[in-house]
Amino acid sequence: MRHDRRRWILAVSVGEGVGFALATSLAVLALVAGIDGPGRLALAMVGGALEGAALASGQYLGMRAGRPVAWRWIGATALAAALAWALGMMPSTLGVDLGEPVALIALGVGGIVLLGSIPVAQWLVLARPGTFRWVPVNAGAWLVAILWTFAPSPFIDEQSPVVVVAALYVVAGVLMAVTFASLTAGVAGSLFVPDTTHRVGRRAGPDPAG
C-alpha cells in the first residue's frame, strides 16, 4: 500500500509540476511579448490545457486498477483546466472592479466553479458508482495546494527580473504539485489500487473459530 501511495505521489507531482511549468512559461511569454486582453487569455487557456494534460497523464500513470479510457481522462482534464485558467484570468482580463458587490459574488461563484472544474470532469469520465468522493477530495486538495501560487507575490514587483519571477513560480508550482498529490493519494488508493482482500485472506489460512 505504501508503494502504491509513493507511486501516485511521484507520478502526479511530476505531471502537475511539468504542466504548471508549461503554463507558467506561456504566461511569462505573454508578459515579455506585451500580449494583453484576449490574446493573453487565449495563451492562458492553452497553458491550462497543457497543464491539465500533463496532470492527467501523471494521474493515469499513478493508477494501478480501475483506469478510465486514457484519451477521455486526459482530454476532459485538459478542457477543464483550460476553463479553470480562463476563469482565473477573467477578472484581470476584463478589468473587473472587485469593489462592486456583484463582482464579488461573481468572483465567489467563479472560484467554486474553478475548484470543481477538473474533479467534476474527471468524475464524469470515471462514470461508475462510488466515485463521487473524488470530487470533494480533489476540490479540497486544490483549495489547499493552490495557495502556493500566492507565495511568490511578496518577493516580486514590476521591477523584478522575468527570470526570477518565472523561477519563483516554478518552485511554487512544484510545491503545489506535491501538496495536491499527497492530499489525493488516499482517495486514489481506494479507487485505483487492486483489491487485495482475497489474496490476504488466502495467506491468512482458515479461520480458527470456523
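**Exercises on an all-helical predicted model**

Along its sequence, the protein follows the pattern α-α-α-α-α-α-α. The structure is a predicted model, with 7 helices and 0 strands.

**Exercise 1.** Determine how the 12 residues of helix H5 (residues 134-145) compare with the expected helical span, and where the buried residues of H5 lie around the axis.

*Solution.*
Step 1. With a rise of 1.5 Å a residue, a span of 16 Å is expected for H5, and the end C-alpha atoms are indeed 16 Å apart, so the two values agree.
Step 2. The buried residues of H5 are Trp134, Val135, Asn138, Ala139, Ala141, Trp142 and Ala145.
Step 3. These residues cover an arc of only 160° around the axis, and therefore lie on the same side of H5.

**Exercise 2.** Apply the span test to helix H1 (residues 2-33) and describe the backbone just after H1.

*Solution.*
Step 1. H1 contains 32 residues, for which 46 Å is expected at 1.5 Å a residue.
Step 2. From the first C-alpha of H1 to its last, the helix reaches 46 Å, close to that expectation.
Step 3. Just after H1 comes Gly34, with a positive phi of about 70°.

**Exercise 3.** Classify Ser117 as buried or exposed, and describe its surroundings.

*Solution.*
Step 1. Ser117 belongs to helix H4 (residues 101-126).
Step 2. The relative accessible area of Ser117 is 10%; the cut-off for a buried residue is under 20%, so Ser117 is buried.
Step 3. The Ser117 side chain reaches the backbone oxygen of Leu114 at 2.8 Å.
Step 4. Leaving aside residues up to four places away in sequence, Ser117 touches Ala80, Leu83 and Ala84.

**Exercise 4.** Identify where confidence is highest and where it is lowest, and state how the lowest-scoring part should be read.

*Solution.*
Step 1. The average pLDDT of the protein is 86, and 85% of the residues score at least 70.
Step 2. Confidence is highest in H5, at a mean of 96, and lowest in helix H7 (residues 197-204), at 38.
Step 3. Over residues 196-210 the pLDDT is below 50, and this stretch has 0 contacts in the model beyond near neighbours in sequence.
Step 4. Predicted coordinates should not be read in detail where pLDDT is low.

**Exercise 5.** Characterise the burial, contacts and surface of the whole protein.

*Solution.*
Step 1. Among the 210 residues, 39% count as buried.
Step 2. Of the contacts with a separation of 6 or more, 77% come from residues 24 or more positions apart.
Step 3. The accessible surface amounts to about 11,700 Å², and carbon and sulfur atoms account for 72% of that surface.

Conventions:
Residues numbered from 1 in each chain as written. Predicted model: local features only at pLDDT ≥ 70, side-chain atom pairs only at ≥ 80, totals over all residues. Heavy atoms only, no water. Helix = DSSP H or I, 4+ residues; strand = E, 2+ residues; numbered from the N terminus. Expected span 1.5 Å × (residues − 1). Buried < 20%, exposed > 50% of the residue type's maximum accessible area, 1.4 Å probe, protein only. Arc of directions from axis to C-beta. Polar contact = N/O pair within 3.5 Å; in protein donor to acceptor, adjacent residues only side chain to side chain. Contact = heavy atoms within 4.5 Å. pLDDT = per-residue confidence, 0-100. Areas by Shrake-Rupley, 256 points an atom, 1.4 Å probe, with all protein chains shown as cover.
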